[in-house]
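Take a look at the protein below. The report that follows walks through its overall form, one helix, its charged pairs and its cysteines.

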Amino acid sequence: MSVNTRRITEEELALQRDFAKKVNSVIKSRYEDKPLACVVTYGCQQNVADSERIKGMLEEMGYGFTDKRQEAKLVIFNTCAVREHAEDRVFGNVGALKKYKLQNPDVIIALCGCMMQQEHIVKRIKESFEFVDLVFGTHVVHRLPELLFKALTRRRRVFELPDMDGVIAEGIPVKRDNDRRAFLPIMYGCNNFCSYCIVPYVRGRERSRKAEDIEAEFQQLVSEGYREIMLLGQNVNSYGKDLEPRINFSQLLRRLNSLDGDFRITFMTSHPKDCTRELIETMAECDKVATHLHLPFQSGNDRILKAMNRGYTREQYLSLINYAKELMGDELSITSDIIVGFPGETYEEFLDTKSLVEEIGATSLFTFIYSKRVGTPAAELEDNVPHEEKTKWLGELLELQEKISAKQMKLHAGKTFKCFVYGKGKLGDNYLAARTDGNLIIEFEGGERLIGTFRNIKVIEPLTYVLRGEIEKK
């Protein structure tokens with residue numbers, strides 16, 4: 001069992017199932033046809049996984065679903081707090097529903113997710129978005145039936161935002177967005193407190209699901225036909241530190257890898273501070289674990305890394321990357337996150353980031369200009385570099401990475417990969433898109449019946465960020 005982690009009891013879950021029945025009774029009495037819900041998701045894969053559980057509970061309550069907000073009787077915005085741009089989008093899109101709400105007062109508008117765990121955000125909603133009916137935080141998603149029942153039957157607005165470290169709730173119904181690729185959360189929260197990051201404050205401390213619960217859900221997914229399963233956590237490398245008996249992430253991967261079935265395991269996200277050689281060895285030795293390592297380094301300068309409270313140096317990061325390359329060679333695909341223009345960063349320090357980008361040879365990068373987050377230590381630091389200058393730095397980085405990506409793609413010309421075909425491609429109407437073990441995207445011509453299967457695909461043309469291929473002829 002886990003240490004200092006509260007698990008939702010069966011009695012608590014039963015109470016929520018009772019509330020789900022009550023919601024069903026209410027909506028049946030109000031609407032002749034099945035009411036539609038629209039769930040709008042912002043941010044990371046963890047938010048997507050949360051939304052899939054929200055939709056699972058809504059389906060149990062009797063709702064159907066639509067992507068059109070102005071067709072819905074219930075609109076839920078599952079929000080992200082990582083960057084200011086995401087918050088601005090939420091406020092803009094919620095505000096756009098004011099007229100719809102005035103014309104349809106029976107419509108319920110709800111906000112949840114990471115933004116709702118911030119006091120200044122909730123204050124703004126209370127004062128400026130009076131038409132929002134329900135606001136709930138990241139730690140009470142499992143109580144949606146109860147909260148929605150209150151919103152449907154009370155005349156006043158419902159705010160449920162407990163200040164806590166979070167819980168583990170098993171047995172929540174899930175309505176997945178994809179019928180072949182699945183997200184599987186293995187842990188929640190974060191203990192790292194990087195100086196720029198709001199996540200530990202809005203998601204709570206780290207708490208791991210039991211390995212047997214993860215394995216049971218994993219096996220269920222495989223039996224239902226899912227072929228690519230992504231394990232999720234704010235920092236998967238910390239998995240199991242709060243469990244007794246202890247199990248680490250590498251051991252969990254080996255346990256899942258040993259299960260019967262034709263599937264691929266991927267994961268997000270690894271923190272370099274907690275990334276071990278054992279994990280890299282596990283990736284190299286487990287045939288069903290993807291050879292894709294997403295390992296965010298954020299900056300290539302040691303002073304900036306220390307100011308970010310990242311807990312590693314440039315040299316330590318490079319040693320991990322070099323070890324991974326040594327064991328996995330060309331099969332390895334590296335991706336990373338970078339923050340440009342951290343408070344106090346100089347252009348010379350930014351050049352250290354550019355040189356690290358050249359050294360690691362990543363397949364692709366996720367690059368962002370620093371976004372000030374209220375309540376984090378970095379928000380108090382002096383920031384003298386104008387946004388326009390930071391934008392120029394970002395442009396330099398993108399130009400460099402484009403050349404590196406094109407060079408990396410050329411290494412795979414003529415090679416054949418076992419690929420998971422996941423959807424429609426973008427190179428033409430008849431193209432499908434597939435992923436290699438290293439998370440490289442190959443597009444090829446083929447029928448939609450191939451979606452959701454593994455196929456051997458030969459690269460016939462490397463492009464900058466994608467490979468063009470053809471199904472290998474037997």
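Is Cys-194 buried or exposed? Cys-194 counts as buried, because its relative accessibility is 6%. Keep in mind that this is a predicted model.

**Cysteines**

A disulfide is a covalent bond between the sulfur atoms of two cysteines. The count of disulfides here is zero. Cys-44 is in no disulfide, and the nearest cysteine sulfur, in Cys-80, is 6.4 Å away. Cys-44 has 36% relative accessibility, so Cys-44 counts as partly exposed. What about Cys-194, and which cysteine sulfur is closest to its own? The closest is in Cys-197, at 6.0 Å, which is too far for a bond. The cut-off for a disulfide is 2.5 Å.

**The whole protein**

The protein has 14 helices and 21 strands. The C-alpha trace spans about 60 × 60 × 50 Å along its principal axes. How does the radius of gyration fit the chain length of 474 residues? A compact globule with that many residues would have a radius near 23 Å, and the protein has 23 Å, so the two agree. Buried residues make up 55% of the 474 residues. The protein exposes about 21,400 Å², and carbon and sulfur atoms supply 47% of that area. Now take the contacts between residues at least 6 apart in sequence: 74% of them join residues at least 24 apart.

**Helix H2**

Helix H2 covers residues 45-61. Its 17 residues should span 24 Å at 1.5 Å a residue, and its end C-alpha atoms are 24 Å apart, so expectation and model agree. H2 is mostly covered, with 14 of its 17 residues buried. After H2 comes Gly-62, which has a positive phi near 110°.

**Salt bridges**

Side chains of opposite charge can pair when their charged atoms come close. By the rule used here, the protein has 34 salt bridges. Three of them are set out below, with the distance between the closest N and O atoms.

| Acidic residue | Basic residue | Closest N and O atoms |
|---|---|---|
| Asp-50 | Arg-203 | 2.9 Å |
| Asp-177 | Lys-55 | 2.5 Å |
| Asp-274 | Lys-241 | 3.3 Å |

Start with Asp-50 and Arg-203, which form a salt bridge. This pair links distant parts of the chain: Asp-50 is in helix H2, Arg-203 is in helix H7 (residues 199-203), and they are 153 residues apart. Both Asp-50 and Arg-203 are buried.

Next comes the salt bridge between Lys-55 and Asp-177. Lys-55 lies in helix H2, while Asp-177 lies in the loop between strands E8 and E9, so the pair ties together parts that are 122 residues apart in sequence. Lys-55 counts as buried because its relative accessibility is 13%. Asp-177, at 49%, is partly exposed.

The last pair in the table is Asp-274 with Lys-241. These two are 33 residues apart: Asp-274 sits in the loop between strand E13 and helix H10, and Lys-241 in the loop between strand E12 and helix H9. Asp-274 is buried, with a relative accessible area of 12%. Lys-241 is partly exposed, at 45% relative accessibility.

Salt bridges also form a network here, linking Glu-52, Arg-53, Glu-170, Arg-176, Arg-209 and Glu-217.

**A serine in helix H14**

Which helix holds Ser-405? Ser-405 lies in H14, residues 387-410. Ser-405 is buried, at 1% relative accessible area. Leaving aside neighbours within four places in sequence, Ser-405 is in contact with Ala-362, Thr-363, Ser-364, Thr-464 and Tyr-465.

Notes
Residues numbered from 1 in each chain as written. Predicted model: local features only at pLDDT ≥ 70, side-chain atom pairs only at ≥ 80, totals over all residues. Heavy atoms only, no water. Buried < 20%, exposed > 50% of the residue type's maximum accessible area, 1.4 Å probe, protein only. Helix = DSSP H or I, 4+ residues; strand = E, 2+ residues; numbered from the N terminus. Expected span 1.5 Å × (residues − 1). Contact = heavy atoms within 4.5 Å. Rg over C-alpha atoms; globule rule 2.2 N^0.38 Å. Areas by Shrake-Rupley, 256 points an atom, 1.4 Å probe, with all protein chains shown as cover. Salt bridge = Lys/Arg side-chain N within 4 Å of Asp/Glu carboxyl O.
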